Amino acid sequence: MRVVDLRSDTLTCPTPAMSRAMAEADVGDDVFGEDPTINRLEALAADRLGKEAALFVASGTMGNLVSLLAHCGRGEEIILGSLSHTFFFEQGGSAAVGGIHPRTVPNQPDGTLPLPEIEAAIRVDNVHFPQTRLIVLENTHNLCSGYPLDIDYMRAVGDIARCHDLKIHVDGARFFNAAVALGVAPDKLAAEADSISFCLSKGLAAPVGSVVCGRLDFIAGAHRARKVVGGGMRQAGVLAAAGIVALSEMVERLADDHANARKLAQGLAEMPGLSVDLSQIKTNIVFFELTRADMPLDQLIKMLDDEGVRMLTVGDGRIRAVTHYHITAEDIDYTLGVFSRMLK
Ligand code: TLP
């Protein structure tokens with residue numbers, strides 16, 4: 001049976017070029033800073049994002065955690081979106097591990113935090129309050145249908161941050177999707193970020209890893225934080241080798257994933273019993289709702305699965321489909337065919 005697995009772009013497997021690069025990678029002990037392939041990946045990532053330095057970490061969650069630990073001390077506060085991955089899906093790691101206090105601002109459907117609400121959330125100097133240190137943004141925004149934050153918005157948040165002496169961290173798990181969708185250079189889009197974490201193991205198809213980028217002093221702090229959370233790896237150049245291929249060969253093709261997501265969303269929007277906001281579809285994530293009272297959500301997911309089409313529910317009544325390297329335009333046609341049979 002044909003399987004069209006749209007649950008996440010985390011499902012991507014290494015390309016043949018990655019497998020070759022992994023087999024041939026030069027390695028060393030990265031805790032000693034002696035893995036040449038990791039060093040190469042970090043230099044490449046820093047260069048792509050226009051930052052002084054970079055740090056290879058095991059996952060997106062670790063990238064965000066070590067960044068927040070490097071920026072904030074115990075009892076200090078971060079401002080972040082109510083729908084952000086860092087707030088929603090990372091076990092409250094920065095609070096649990098770092099004693100960092102989260103202050104949420106409602107995300108808008110386009111993934112932004114309203115500027116006046118960011119300003120209003122910044123603490124004044126008062127002995128009763130925690131001190132605000134950091135604004136955390138997510139680009140693209142997962143729960144906001146993969147919406148990208150643009151340069152104008154980043155500049156506006158940058159102005160607020162500068163005015164209040166705050167730093168900005170960007171959870172850029174899908175940052176290259178944002179850059180490709182907006183047609184801007186990644187370093188321009190990252191310019192306002194004091195730190196940015198991006199994933200190699202989502203749309204870029206590497207098997208493991210994320211990279212955190214920022215100034216040298218920030219990376220030194222993130223490096224210490226990585227060690228304390230057990231993220232000091234040894235001959236992990238075998239992983240970084242795939243990451244180098246990911247950054248060198250897999251960025252431009254993200255446009256195909258975006259085209260497939262749009263094709264899927266347009267097809268779903270025409271089906272009776274489904275609701276999709278097409279204005280939300282900018283990158284590779286499609287959220288939609290089932291509006292038929294006679295068909296429970298779980299039943300729909302099960303029926304899809306029986307036909308080889310896999311999608312996720314995220315607990316708020318919506319269904320998520322994510323396009324990626326292994327999904328073709330023909331897979332989208334097949335998926336739409338399955339839906340039209342099921343919803344007849
Ligand atoms: N997102 C995963 C799940 O955790 C939900 C997915 O399938 O989308 N930031 C963002 C914006 C993410 O979407 C994710 C993963 C992460 C961070 C964490 O990355 P990992 O899974 O590598 O720890």
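The ligand in this predicted model is surrounded by 14 residues, a residue being counted when one of its heavy atoms lies within 4 Å of the molecule, and the closest are Ser8, Gly60, Thr61, Asp171 and Arg174. Local features need pLDDT of at least 70 and side-chain atom pairs pLDDT 80 or more, whereas totals for chains, interfaces and linings use all residues. Side-chain values use heavy atoms, without hydrogens and water, and residues are numbered from 1 along each chain as its sequence is written.

By class, the shell holds 7 polar, 6 charged and 1 nonpolar residues, where Asp, Glu, Lys and Arg count as charged, Ala, Val, Leu, Ile, Met, Phe, Trp, Tyr, Cys and Pro as nonpolar, and the others, Gly among them, as polar. Helix α3 (residues 60–71) supplies the largest share of the shell, with 3 residues; helices here are DSSP runs of H or I with at least four residues, numbered from the N terminus.

Oxygen atoms of the ligand enter polar contacts, that is, pairs of N or O atoms within 3.5 Å. One such distance, 2.8 Å, leads to a polar backbone atom of glycine 60, while an N or O atom in the side chain of threonine 61 lies 2.6 Å from a ligand oxygen, and one in the side chain of lysine 202 lies 2.9 Å from a ligand oxygen. Taken alone the ligand exposes 510 Å², of which the protein buries 81%, by the Shrake-Rupley method with a 1.4 Å probe.

Threonine 61 is also touched by histidine 85, as are Glu90, Glu138, Asn142 and Asp171 (heavy atoms within 4.5 Å), leaving aside residues up to four places away in sequence. Histidine 85 belongs to helix α4 (residues 85–88).

Definitions and conventions:
A polar contact is a pair of N or O atoms within 3.5 Å; within protein, one must be able to donate a hydrogen and the other to accept it, and residues adjacent in sequence count only if both atoms are side-chain atoms. Helices (H or I, at least four residues) and strands (E, at least two) are DSSP runs, numbered from the N terminus.
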